[in-house]
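The exercises below ask the reader to work from coordinates to conclusions, one step at a time. Each task is followed by a worked solution.

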Amino acid sequence: MKNLEENFKLAKKQDRRGQKALYEMFSAKMLAIANSYVNNLHDAEDILMNSFFTCFSKIEECREWKSFQFWLRKIVVNNSINFIRKNRNILYTDVEISEIGNVEENWKEEMEELNMEEIFSKMPDGYRLIFNLYVFEEKKHHEIAEILNISEGTSKSQLSKSKKWIADFLKQKQNEKQYVK
């Protein structure tokens, strides 16, 4: 952590060595976060570069080195969402949650078996976006609705659909494993 503190202080002084060190420390993790939203490595790399540019040009807004990683993550997530808004038309459908059924029962057990990279590469954009915001960014449905300009009901139904989609995906994977044996 001492390197983080030193590099953060250097980057605040616009020192290129400190900026490079911070980039090297966090770029892989931030790239994975961006890619989990946009599901396209090339686009995720663009988001990453824009995020670090924003980070280093506004680094004085981050007061403490201890919060730097979380502050940078927020920039990456916001840039990912903005990219999706500008470049993709995601269709959200309002569906009553009762129509989807109860997928909560085995949810926690199934989450342990997930290969998230594989899941995100195949999950529909709308499901992935809501899932990321709710699960990884810990946003509430009213916050998601505001961010994406959708209704709370749409956010809830998309989250429920994403969980069902993952459950179905896992069942399919399990069936494939059994068939191979």
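**Exercise 1. Compare the expected span of helix α4 with the separation of its end C-alpha atoms.**

Solution. Helix α4 covers residues 68-87, which makes 20 residues, and at 1.5 Å a residue such a helix should span 28 Å, because the expected span is 1.5 Å times one less than the number of residues. The end C-alpha atoms of α4 are 28 Å apart, which agrees with that expectation. This model is a predicted one, and the agreement therefore describes the predicted coordinates of α4. As a further step, the buried positions of α4 can be listed: they are F68, W71, L72, I75, V76, V77, S80, I81, F83 and I84. The spacing within such a list can be read against a general rule: an α-helix has 3.6 residues a turn, so residues three or four places apart point the same way.

**Exercise 2. Describe how helices α2 and α4 pack, giving the axis distance, the crossing angle and the handedness.**

Solution. Two packed helices are described by the angle between their axes and the distance between the axes. For α2 (residues 16-38) and α4, the axes come within 10 Å and cross at roughly 35 degrees, and the crossing is right-handed. The next step is to name the residues that meet: α2 contributes L22, F26, K29, M30, I33, A34, Y37 and V38, while α4 contributes F68, Q69, L72, R73, V76, V77, S80, I81, F83 and I84. Sorted by class, the contact of α2 with α4 holds 14 nonpolar, two polar and two charged residues. F26 and F68, which both take part in this contact, also belong to one aromatic cluster with F8 and W71.

**Exercise 3. Classify the aromatic pair F131 and F136, and then the pair W165 and F169, by their ring geometry.**

Solution. A search of the whole structure returns nine aromatic pairs. In the pair of F131 and F136, the ring centres are 5.9 Å apart and the planes are at 75 degrees, an edge-to-face arrangement. For W165 and F169, the centres are 5.4 Å apart and the planes stand at 15 degrees, so this pair is stacked. The sequence positions add to the picture, because W165 and F169 are four residues apart in helix α10 (residues 152-180) and are thus separated by about one helical turn.

The surroundings of these rings can then be assigned. F131 has a relative accessibility of 0% and so counts as buried, whereas F136, at 36%, counts as partly exposed. F169 is buried as well, with a relative accessible area of 9%. F131 is placed in helix α8, and its C-alpha atom is 9.2 Å from that of S155, a residue 24 positions away in sequence.

**Exercise 4. Which residues does L133 contact, leaving aside its neighbours within four places in sequence?**

Solution. L133 sits in helix α8 (residues 125-136), and its relative accessibility of 0% means that it counts as buried. Once the sequence neighbours are set aside, the contacts of L133 are Y37, V77, I81, E138, K139, I144 and L148. Of these, Y37 belongs to the α2 side of the contact between α2 and α4, and V77 and I81 to the α4 side. The C-alpha atoms of L133 and I81 are separated by 9.6 Å, although the two residues are 52 apart along the chain.

**Exercise 5. Are Q14 and N149 buried, partly exposed or exposed, and what is the phi of each?**

Solution. Most residues other than glycine have a negative phi, and most peptide bonds are trans. Q14 is not a glycine, yet its phi is positive, at about 65 degrees; N149, likewise not a glycine, has a positive phi of about 60 degrees. Q14 lies in the loop between α1 (2-12) and α2, and N149 lies in the loop between α9 (141-148) and α10. With a relative accessible area of 40%, Q14 is partly exposed, while N149, at 71%, counts as exposed.

**Exercise 6. How many helices and strands does the protein chain have, and what share of its residues is buried?**

Solution. The protein chain has 10 helices and zero strands. Of its 181 residues, 41% count as buried. Turning to contacts between residues at least 6 apart in sequence, 70% of them join residues at least 24 apart.

Methods:
Residues are numbered from 1 along each chain as its sequence is written. This is a predicted model: local features need pLDDT of at least 70, side-chain atom pairs count only at pLDDT 80 or more; totals for chains, interfaces and linings use all residues. Side-chain values use heavy atoms; hydrogens and water are left out. Rings of Phe, Tyr and Trp (its six-membered ring) pair if their centres lie within 6.5 Å; planes under 30 degrees apart count as stacked, over 60 as edge-to-face and the rest as tilted. Buried means under 20% relative accessible area, exposed over 50%, partly exposed in between (1.4 Å probe, protein chains only). Helices (H or I, at least four residues) and strands (E, at least two) are DSSP runs, numbered from the N terminus. Axes are lines fitted to C-alpha atoms, for helices over the stretch in contact, and angles run from 0 to 180 degrees between N-to-C directions. A crossing is left-handed if the near helix is turned anticlockwise from the far one by less than a right angle, and right-handed if clockwise. Contact means heavy atoms within 4.5 Å. Ala, Val, Leu, Ile, Met, Phe, Trp, Tyr, Cys and Pro count as nonpolar, Asp, Glu, Lys and Arg as charged, and the others, Gly among them, as polar.
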